[in-house]
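This report looks at one helix, a ligand site and a nonpolar core. The sequence and structure come first.

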Amino acid sequence: MPKHSDVAVVGGGVIGLACAWRMAAAGHAVTVHDPAPASGASWVAGGMLAPVTEATPGEEAVLALGAAGLDRWPGFAAELAAHGDPGLRTEGTLVVAVDPGDRAELDRLTERLARLGRHVDVVRGRGLRRAEPSLGPEVRSALSVPGDLAVDNRALLRALLAACRAAGVRFSPHRCEALPASAAVVIAAGADSGFLHPALRDAVRPVKGEIVRLRSRRGALPPPSRTVRALVGGRPCYFVPRDGGRLVLGATQEEVGFDTEVTAGGVRRLLADAVRVLPAVEEYALEESSAGLRPGSPDGLPLIGALSPDVFAATGHGRGGLLLAPITADAVLALLDGEAVAPEVAAADVTRFSVSGVTSPDSQRHSRVVGSWA
Ligand SMILES: Cc1cc2nc3c(=O)[nH]c(=O)nc-3n(C[C@H](O)[C@H](O)[C@H](O)COP(=O)(O)OP(=O)(O)OC[C@H]3O[C@@H](n4cnc5c(N)ncnc54)[C@H](O)[C@@H]3O)c2cc1C
């Protein structure tokens, strides 16, 4: 594809904006089509960049892609900093368990990570209280994952919008009912991507997630200094710190179609689980509750690649779209310029499910997450 050719990106979430920025900076003329850029799942997300504790058994390709994605984050954030601070945090993750069944699961995770050669430390007793004084008495041990990062998703989106504008990206505030006429099109419409191309129809599905945003108040123990992931009675929950004593508590996972309403039950479950891990949460201010739709795929890998010579998919990132934004943007630029993508991205090729361009029935086997840290 010659430089300065016209590229349309459908969807201005973290994936569409990251792709648009990279392509415009490389000399392409890019237009992002979106009635509400920087909204969608990207606006709701927790902000963990934590592939090591994310992957479930059998998802080795997901772990490899996530690890490669994590490697790109420091450079990506440094380049983005010229347009806005994305709030990258480097304190790592603590993984904790509450009930005996959760502790057994934590032991299994420790063994699995050791087998995979991933560096983790087990922290117990006083060491754990010293590390994170706000953890409750039901939490007796933890796995410390030092290499994980976290990002402030909303600061990231603001920085990406500024970077896109600085690179000359144009914005069209319209919802696309069909693919725009352009020399090349990138489909990055998140959970809605399936409406835009027949090969994506059965491959991308909405997975609803609710989060709660909290702020610590005077007199309460401050939030943890790093991401805490927990299993509570088999249900995953996590806490991602933000500046100013703020904390994102997430997240529910439900397959209920395109429903983005926050439910009382979802918030109740999140808060009930949260106070068993961090009892001080009860004294925090509840600033916001929101719901978003993760663009789920059948096997946990995203869908990245060419659907035809001038139509590219960059979607299906499920619960890892923030983590995978930099590596996806690099891959889409490589595809557009006719270059090879990183080997970890090749495993996510959009054509892996398709028979003659339409998703095969096998792809409808949806991966489910039960009793894991995701
Ligand atoms: C509760 C929750 C917590 C999460 N936590 C994390 C986390 O900690 N770490 C992580 O890496 N990931 C996390 N994720 C996943 C991450 O948010 C998603 O993978 C990522 O946001 C997907 O980005 P996207 O750009 O593909 O989609 P979205 O952010 O949903 O953006 C899609 C955009 O496309 C636009 N659009 C849709 N249809 C059209 C159309 N027809 N025409 C024009 N525009 C259109 C929408 O307006 C929207 O702006 C979380 C998700 C949720 C819901």
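The buried residues of helix α6 are Asn 153, Arg 154, Ala 155, Leu 156, Leu 157, Ala 159, Leu 160, Leu 161, Ala 163 and Cys 164. Buried means under 20% relative accessible area, exposed over 50% and partly exposed in between, with a 1.4 Å probe and protein chains only. Ten of the 14 residues of α6 are thus buried, and the helix is mostly covered. This is a predicted model, in which local features need pLDDT of at least 70 and side-chain atom pairs count only at pLDDT 80 or more, while totals for chains, interfaces and linings use all residues. Residues are numbered from 1 along each chain as its sequence is written, and side-chain values use heavy atoms, with hydrogens and water left out.

Helices (H or I, at least four residues) and strands (E, at least two) are DSSP runs, numbered from the N terminus. Helix α6 covers residues 153–166, and its end C-alpha atoms are 20 Å apart; this agrees with the expected 20 Å because the 14 residues are taken at 1.5 Å a residue. The expected span is 1.5 Å times one less than the number of residues. At the start of α6, a side-chain oxygen of Asp 152 comes to within 3.1 Å of the backbone nitrogen of Arg 154. Just after the helix, Gly 168 has a positive phi of about 90°.

Leu 156 and Leu 160 of α6 are, with Met 23, the residues with the most contacts inside the largest nonpolar core, which has 53 residues. Such a core is a set of buried Ala, Val, Leu, Ile, Met, Phe, Trp, Tyr and Cys residues joined through side-chain atoms within 4.5 Å. Elements that each supply at least two residues of this core include α1, α3 (60–80), α6 and β16 (311–315). Helix α8 gives the largest share, ten residues.

The ligand is surrounded by 39 residues, the closest being Asp 34, Ser 42, Met 48, Cys 176 and Gly 318. A residue counts here if one of its heavy atoms lies within 4 Å of the ligand. Helix α2 gives the most to this shell, with four residues. Polar contacts are pairs of N or O atoms within 3.5 Å; those below involve the ligand.

| Protein atom | Ligand atom | Distance |
|---|---|---|
| Gly 47, backbone N or O | oxygen | 3.0 Å |
| Met 48, backbone N or O | oxygen | 2.8 Å |
| Tyr 238, side-chain N or O | nitrogen | 3.5 Å |

Taken alone, the ligand exposes 1000 Å², and the protein buries 96% of that.

Terms used. A polar contact is a pair of N or O atoms within 3.5 Å; within protein, one must be able to donate a hydrogen and the other to accept it, and residues adjacent in sequence count only if both atoms are side-chain atoms. Accessible areas come from the Shrake-Rupley method with a 1.4 Å probe; for residues, only the protein chains shown count as cover.
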